[in-house]
Amino acid sequence: MDRHRNKADWQALDAAHFLHPFSDSRQIADRGTRLITRAEGIYLYDVDGNRILDGMSGLWCVALGYGRRELADAAYRQMNELPYYNSFFQCTTPPAIELAAKLAQLTPPQFQHVFFTGSGSEAIDTVIRLVRRYWQLAGEADRNVIIGRWNGYHGSTIAGASLGGMKYMHGQGMLPMPGVEHIQQPYGFELGMGQSSADFGVAAARLLEEKILEVGAHRVAAFIGEPVQGAGGVIIPPQTYWPEIQRICDRYGILLVSDEVICGFGRTGQWFGCEHFGTRPDLMSMAKALSSGYLPIGGVMVGDRVANMLIAKGEEFAHGFTYSGHPVCSAVALENLCILEREHVVEHVRDVAAPYLQERWAAFAAHPLVGEARGVGLLGALELVRSKEPRQWFEPRGKVGERCRDNAIRNGLVMRATRDTMIIAPPLVITRSELDELVEKAWRTLDQTYDELKRDGLL
Ligand SMILES: *Cc1c(COP(=O)(O)O)cnc(C)c1O
């Protein structure tokens, strides 16, 4: 790497050669990218030396924060010992075995097996392969329809984008693929007006039953959902939602898949989101915080119901990735999980950080721009509205969120905007005083955004 290049050189090269995910490349060429050059703890440093509190843990993944030497050392040791070998054709490596055993220990008791992937999207592809194979082996090959939710996010491969319910993604690629159905999301702020939260939760879950009956119960293989929708805008279902989903899955015998790519490994204050909401999934997809994002790795926890069927068959499951169980990624993930355990990080979230954040976060409801302040664990969302009573959104949707996000970054805080919903998911190791800083920066940002909107006649 040429360290003598300056910011302008890098931005020019970036615009010339680098097509970015989920970005408007013309806007990048016009405005230049945000260049992050190093990080420590919960802070990022950009090329100009600005210190920015990373309220999003990178992309929801850097659970332990930046600069953990133990993770770098684990990678270095493993690279010298054995940088790569595959896990196809009866082969294996010690770090992948150790990680599999650690995951079996940390996950709910029905999970004794894991299938490794390189990412969350690959985990979702693997879920589809496993679900369909399971029903084939069970002698019900017609059960191949998988039901997801509108505005859910399950990654960006053809399968992930299909199971996800992002209509703008579907529109760009002849999606969803066949055999996928969607039901409405449990988004109380937009869809639950005039109902109690408990009633709305049950009603939203019953949409699954309606869909099963519409498709035909003999054709439905599985339901998939994120315990809390992350990319969709930190949408937290009412407490009544997941138990009703579980009841419906049990009633029709369909597999329940919990996409734990964001909620897994402590985000809600429990190890897994399904434990927070009290479901008993058959499969769980994981990635992101599995390695705190230091190296790419994902996987699917395969519950006994599915695993026993696959194993009993005594036949090859024709699925896998070159990097399934990658020894270096596995070694880093294992070290990451050991640190989460040793330093009681999940307990820190549950007992210290989450209660404190949620108490302070709730106060945002009094801000004139905020129609709802909600959160769980170390997740938070603020719904920006033009008017609270009667409720009016900004038109067109999304512009105010973008503006608020840009103000946040100028104030040294990464907050993400999903339409006009501002969201945070800070590193799990964040302290009380760092949470104070996050909340103060968010207040300043909202105040500035409010003043600007007044000034520009948008309020
Ligand atoms: C990020 C995400 C994925 C996709 O993971 P990638 O590693 O980006 O492929 C899948 N599901 C959920 C819930 C996610 O947040």
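These numbered points walk through the ligand site, two sheets and a few unusual backbone spots.

1. A word on the basis first: this is a predicted model, in which local features need pLDDT of at least 70 and side-chain atom pairs count only at pLDDT 80 or more, while totals for chains, interfaces and linings use all residues. Residues are numbered from 1 along each chain as its sequence is written, and side-chain values use heavy atoms, with hydrogens and water left out.

2. Let's start with the ligand. Around the ligand sit Ser119, Gly120, Ser121, Tyr153, His154, Gly155, Glu226, Asp259, Val261, Ile262 and Lys288, where a residue is listed if one of its heavy atoms lies within 4 Å of the molecule. This shell divides into 3 nonpolar, 5 polar and 3 charged residues. The classes are these: Ala, Val, Leu, Ile, Met, Phe, Trp, Tyr, Cys and Pro are nonpolar, Asp, Glu, Lys and Arg are charged, and the others, Gly among them, are polar.

3. Now the polar contacts (pairs of N or O atoms within 3.5 Å). A ligand oxygen is 2.6 Å from an N or O atom in the side chain of Ser121, and a ligand oxygen is also 2.6 Å from an N or O atom in the side chain of Lys288. At Tyr153 the partner is a polar backbone atom, 3.5 Å from a nitrogen of the ligand. Taken alone the ligand exposes 380 Å², of which the protein buries 83% (accessible areas by the Shrake-Rupley method with a 1.4 Å probe).

4. On to the first sheet. An open, antiparallel sheet of 4 strands has the order β11-β12-β15-β14; its edge strands, β11 (370-376) and β14 (416-418), each pair on one side only. Strands are DSSP runs of E with at least two residues, helices are runs of H or I with at least four, and both are numbered from the N terminus. Two strands pair if DSSP finds at least two bridges between them. Neighbouring strands here are turned by 20 degrees against each other on average, direction ignored.

5. Within that sheet, β14 and β15 (residues 421-424) pair in the antiparallel sense over 3 bridges, and Arg416 has Ile423 of β15 as its bridge partner. Helix α15 (residues 345-362) lies across β11, β12 (379-384) and β15, at about 175 degrees to β11. Contact here means heavy atoms within 4.5 Å; axes are lines fitted to C-alpha atoms, for helices over the stretch in contact, with angles from 0 to 180 degrees between N-to-C directions.

6. A second open sheet of 4 strands has the order β1-β2-β3-β13, with mixed pairing. Why is one side of β1 and of β13 left without a neighbour in the sheet? Because β1 (36-40) and β13 (413-414) stand at the edges, each with a single partner strand. The parallel pairing of β3 (residues 51-54) with β13 runs over 2 bridges, and Asp54 has Val414 of β13 as its bridge partner.

7. In the same sheet, 3 bridges join the antiparallel strands β2 and β3, with Tyr43 opposite Leu53 in β3. These two strands form a hairpin with 4 residues between them, and Gly49 in the turn has a positive phi of about 90 degrees. Helix α17 (residues 432-455) lies across β2 (43-46), β3 and β13, running at about 105 degrees to β3.

8. Finally, some backbone spots to look at. The peptide bond from Glu389 to Pro390 is cis, with omega near 0 degrees, and a cis bond also joins Glu395 and Pro396, with omega about -10 degrees. Pro390 lies in the loop between β12 and α16 (399-410), as does Pro396. Phe265, a residue other than glycine, has a positive phi near 70 degrees; this residue is in the loop between β8 (255-259) and α12 (273-277).

Notes
Polar contact = N/O pair within 3.5 Å; in protein donor to acceptor, adjacent residues only side chain to side chain.
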